[in-house]
Amino acid sequence: RSDANRPPGREANFGTMPASISHEGYSAKPMHSHWDNFWALAGWRDAAQLARALGHDARADELQAQAAEFKRDLAVSIATTMRQKGITHLPGAAELGDFDPTSSTMIFSPAGAEDLVARATLDATWQRYWHEASQRRERSDWKDYTPYELRSVSALVRLGQPERARAMLDFFFADQRPPGWNQWAEVVGRVAREPRFIGDMPHAWISSDYIRSALDLLAFERDSDQALVL
């Protein structure tokens with residue numbers, strides 16, 4: 001499919017995954033979420049690799065071609081949203097151009113698709129995240145956050161900022177509750193004993209985010225050149 005066939009006005013979502021609420025932040029109204037797109041890109045890549053490993057070369061070639069087409073459309077979607085919204089950070093959804101670094105970490109892992117955007121876009125996204133997270137660490141008037149943010153530890157490592165990654169880990173570890181239980185709730189409030197919604201405790205997905213980030217502090221695979229980075 002050529003870019004000439006791209007319907008006018010659909011540049012920001014053409015060829016990407018359909019609008020959904022799998023990103024729970026969009027539960028009020030389905031959005032064309034890049035959270036979905038990054039997962040889909042990872043799935044296509046892995047499907048092609050599995051087909052190749054099983055000797056289904058023709059199917060692997062087909063899946064690789066589909067993944068490449070999807071990736072081209074996704075790159076256009078992100079660039080179009082950034083231009084239309086006048087932003088320098090990765091957008092969370094095509095309609096909103098919202099700042100959502102926690103879901104945007106999927107561009108690193110599992111998608112391994114940092115080449116979708118310029119390095120300056122990645123730097124701007126996590127520079128803003130670091131600035132806002134630093135304000136929260138230094139101030140006492142914040143309300144709550146979700147420890148899904150542990151994914152950003154991995155993003156900071158992959159951007160070559162291990163000192164910032166370790167500083168964020170220190171912050172997150174201080175919010176394991178009750179103390180000594182080695183667990184995070186889905187939502188952490190500033191006031192530890194305030195009656196509030198905390199979601200699941202312990203939260204297994206957040207735990208897996210921590211494990212993946214902790215492993216990245218030691219080593220991770222770089223998809224662009226299949227390197228093992230220590």
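This briefing covers helix geometry, helix packing and unusual backbone sites in the structure above. The model is predicted. Helices H1 and H2 pack with their axes 8 Å apart, and the axes of H5 and H7 come within 7 Å. Two cis peptide bonds precede prolines: one runs from Ser109 to Pro110, the other joins Arg177 and Pro178. Asn182 has a positive phi without being a glycine, and so does Gln226.

**Helix H2**

- Helix H2 covers residues 57-85.
- H2 has 29 residues and reaches 42 Å from its first C-alpha to its last. That is close to the 42 Å expected at 1.5 Å a residue.
- The buried residues in H2 are Ala60, Leu63, Ala67, Phe70, Asp73, Leu74, Ser77, Ile78, Thr80, Thr81 and Met82.
- These buried residues pack against H1 and H4.
- Gly86 comes just after H2 and takes a positive phi of about 65 degrees.

**The H1-H2 pair**

- Helix H1 spans residues 34-53 and packs on H2 at an angle of about 160 degrees.
- That angle makes H1 roughly antiparallel to H2, because angles over 145 degrees count as such.
- The crossing of H1 past H2 is left-handed.
- The contact of H1 with H2 has 13 nonpolar, 5 polar and 5 charged residues.

**Helix H4 and its cover**

- Helix H4 holds 20 residues, from 119 to 138.
- At 1.5 Å a residue H4 should span 28 Å, and its end C-alpha atoms are 28 Å apart, so the two values agree.
- Buried in H4 are Thr121, Leu122, Thr125, Trp126, Tyr129, Trp130, Ala133, Ser134 and Arg136.
- The cover over these buried residues includes four helices and a strand: H2, H3 (101-104), H5 (151-158), H6 (162-173) and strand S1 (144-145).
- H2 thus appears on both sides of the account: H2 helps cover the buried residues of H4, and the buried residues of H2 pack against H4 as well as H1.

**The H5-H7 pair**

- Helix H7 runs over residues 204-216, and its axis crosses that of H5 at roughly 20 degrees.
- H5 and H7 are therefore roughly parallel to each other, because angles under 35 degrees count as roughly parallel.
- H5 passes H7 in a left-handed crossing.
- From H5, the contact uses Arg151, Val153, Ser154, Val157 and Arg158. These meet Trp205, Asp209, Arg212, Ser213 and Asp216 of H7.
- By class, this contact has 3 nonpolar, 2 polar and 5 charged residues.

**Cis peptide bonds**

- The bond from Ser109 to Pro110 is cis, with omega near 20 degrees. Pro110 sits in the loop between H3 and H4.
- The bond joining Arg177 and Pro178 is also cis, with omega about -10 degrees. Pro178 sits in the loop between H6 and strand S2 (188-189).

**Positive phi outside glycine**

- Asn182 has a positive phi of about 55 degrees although it is not a glycine.
- Asn182 lies in the loop between H6 and S2. Its relative accessible area is 62%, so Asn182 is exposed.
- Gln226 is not a glycine either, yet has a positive phi of about 60 degrees.
- Gln226 belongs to the loop between strand S3 (220-222) and strand S4 (227-229). With a relative accessible area of 60%, Gln226 is exposed.

Key:
Residues numbered from 1 in each chain as written. Predicted model: local features only at pLDDT ≥ 70, side-chain atom pairs only at ≥ 80, totals over all residues. Heavy atoms only, no water. Helix = DSSP H or I, 4+ residues; strand = E, 2+ residues; numbered from the N terminus. Expected span 1.5 Å × (residues − 1). Buried < 20%, exposed > 50% of the residue type's maximum accessible area, 1.4 Å probe, protein only. Contact = heavy atoms within 4.5 Å. Axes fitted to C-alpha atoms, helices over the stretch in contact; angles between N-to-C directions. Parallel < 35°, antiparallel > 145°, perpendicular 65-115°, else oblique. Left-handed = near helix turned anticlockwise from the far one by under 90°. Nonpolar A, V, L, I, M, F, W, Y, C, P; charged D, E, K, R; others polar.
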